[in-house]
Amino acid sequence: LTAIYLQSMLTGMTITGNDFGYWDGVFIELKEGTPAETNKKLRDIEITNNTFDTATSGASVACIHGAANDLLIEGNTFDRCGGCAATCHSMYINPRNDVRVTIRNNTMRRAGAYIGGPSDNACKSGNISYRGMSDQLLVEGNVIDNSAAAPETTCGAINIKPAYCFECIGDMTNAAIWDAEFLRRVIVRRNIVINSGNLSAFELGAARYFVVENNLCLRTYTHSNTCFDTPGGSVESGRTYDDESDIGGTFRNNTCRLEAAGDGATCFVWGTNVSAGTDLRMVNNIAQLTSAQTGTQSCFKHQQLSDYTVWDGNICAGSWDRWSTTGSAGGGYANHSAAHAAGFDTWSAAGGLADDDPLLTSPTSGNSWSVSVTSDSSPAHNNGSNTYKAKFDRLGCLRDSTPSIGAEERGGTGCQTTIGAPQQVH
């Protein structure tokens with residue numbers, strides 16, 4: 001059952017202020033046209049300030065499903081969307097050569113909890129799932145809050161990656177052509193994810209020229225998930241048409257905080273499908289592990305240092321020695337001093353930044369999940385790279401010429417809710 005079904009040749013429609021209690025709230029029909037074939041594409045669709053709640057009416061595949069050119073999804077609330085665990089979602093956006101998609105300031109919780117009945121609060125499904133062929137995606141200011149109960153392993157958060165082999169299942173005309181997925185010029189900024197399952201919280205794959213900045217990833221339950229991961233999913237090759245590889249990617253001024261032990265958990269992962277020597281940047285990020293960790297957890301998993309244009313100003317904070325795992329192509333390092341000696345973060349003070357507590361505010365729902373630097377004595381204060389910093393912080397405040405490391409600037413000025421067009425670095 002679908003509440004609103006949008007078909008081709010529709011231009012300039014706004015869906016706002018509704019309370020959806022249907023299985024699929026809004027379905028946007030997919031069309032295979034190229035960007036030039038505008039007669040086949042929907043465009044200028046706005047889905048704003050709606051409530052999607054499937055708690056009583058039934059399980060949904062996705063509360064918003066489909067794609068369009070110039071699509072805006074903003075200010076909506078999603079609760080219990082996605083009723084089939086791993087293959088369902090709060091929103092499932094699967095473009096076919098669509099451009100300029102914005103997903104901004106939405107709130108999501110308990111995706112897929114309908115499966116467990118009215119009293120179940122555990123996330124079981126995906127939240128923002130985006131895959132296909134697109135250019136210019138902005139994912140900004142969304143809050144995915146799974147703090148009410150421990151999420152199940154199938155719970156996802158912001159997953160922007162390849163997915164299906166249309167060439168294999170043959171469910172579209174010219175399926176082999178549509179099988180080659182690419183997600184170009186992706187901006188993911190100022191989002192908050194509180195807990196995901198064994199899926200990565202922020203996941204990118206087949207993404208070219210992406211920027212991931214000023215995000216917070218918080219884990220309070222034990223799971224083996226990665227917070228920030230590229231390339232996420234399966235970037236496939238060796239077929240008639242291949243997915244694009246990840247090139248020109250930047251992680252900057254993000255904060256990862258793992259408060260519960262979990263075997264295999266890592267804050268930042270650069271996978272083996274990232275194209276080496278293609279302007280990869282890792283700058284001003286915090287990886288903090290506040291409890292004793294066991295197994296294969298680490299702050300970072302990385303490729304060879306020579307693969308990166310810059311790797312500067314990153315903090316690995318915790319009471320245990322594992323800066324990066326031995327599975328990293330560049331080798332594993334016990335702590336920041338060892339990594340610094342190998343050439344990482346060489347801009348900083350002699351010996352590199354200490355593996356000290358960055359003295360952040362403990363994030364809770366009561367303080368809007370703030371991770372601000374609380375003291376001038378924090379190693380995150382005034383130690384960031386000015387050359388490669390994010391211009392604004394998570395709260396929309398300007399960073400100064402001696403910026404803080406992490407998602408929030410200590411002493412930031414000119415704070416604003418809207419910070420304008422995405423700041424590209426490539």
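## Strand partners, ring pairs and salt bridges

In strand β27, R281 is the bridge partner of T250. This is a predicted model, so take what follows as a tour of its computed geometry.

Let's stay with β27 for a moment. Three bridges join β27 to strand β24 (residues 250-252), and the two run parallel. Four bridges join β27 to strand β30 (residues 308-312), again a parallel pairing. R281 turns up here too, with V310 as its bridge partner in β30. And where do the side chains of β27 (residues 280-283) go? L280 and M282 point one way, R281 and V283 point the other way, and all are buried. That fits the general picture, in which side chains of a regular strand alternate between the two faces of the sheet.

On to the aromatics. The count comes to 18 aromatic pairs. One of them is F52 with F78: the ring centres are 5.0 Å apart and the planes sit at 5°, so the pair is stacked. The two come from distant parts of the chain, with F52 in strand β6 (residues 51-53) and F78 in strand β9 (residues 77-79), 26 residues apart. F52 counts as buried, at 0% relative accessibility, and F78 is buried at 0% as well.

Elsewhere, ring pairs link F202, F210, F228, F251, F268, W270, F300, Y308, W311, W323, Y333 and F344 into a cluster. There is also a charge over a ring to look at: the charged end of R184 sits over the ring of F182, 3.8 Å from its centre.

F78 shows up again around S90, a residue of strand β10 (residues 89-93). Is S90 buried or exposed? At 1% relative accessibility, S90 counts as buried. Setting aside neighbours within four places in sequence, S90 is in contact with A62, C63, I64, F78, C81, M108, A111, G126 and N127. The C-alpha atoms of S90 and R80 are separated by 7.7 Å, and these two are ten residues apart along the chain.

Now for the charges. The structure holds 17 salt bridges, and here are some of them, with N to O distances.

| Salt bridge | Distance |
|---|---|
| R100 and D70 | 2.5 Å |
| D135 and R185 | 2.7 Å |
| E140 and R190 | 3.4 Å |

Take R100 and D70 to begin with, joined by a salt bridge. R100 lies in strand β11 (residues 96-104) and D70 in strand β8 (residues 69-74), so the pair ties together parts that are 30 residues apart in sequence. R100 is partly exposed, with a relative accessible area of 36%. Both residues also belong to a network of salt bridges that links R43, D44, D70 and R100.

D135 and R185 meet in a salt bridge too. This pair links D135 in strand β14 (residues 133-140) with R185 in strand β17 (residues 182-189), 50 residues apart. D135 is buried, with a relative accessible area of 18%, while R185 counts as partly exposed at 36%.

Strand β14 also supplies a residue to the salt bridge between E140 and R190. E140 lies in β14 and R190 in the loop between β17 and β18 (192-194), so parts that are 50 residues apart in sequence are tied together. E140 counts as buried at 5% relative accessibility, and R190 is buried with a relative accessible area of 13%.

Terms used:
Residues numbered from 1 in each chain as written. Predicted model: local features only at pLDDT ≥ 70, side-chain atom pairs only at ≥ 80, totals over all residues. Heavy atoms only, no water. Phe/Tyr/Trp six-rings, centres within 6.5 Å; stacked < 30°, edge-to-face > 60°. Buried < 20%, exposed > 50% of the residue type's maximum accessible area, 1.4 Å probe, protein only. Lys NZ or Arg CZ within 6 Å of the ring centre and 35° of its normal. Contact = heavy atoms within 4.5 Å. Pairing = 2+ DSSP bridges. Salt bridge = Lys/Arg side-chain N within 4 Å of Asp/Glu carboxyl O.
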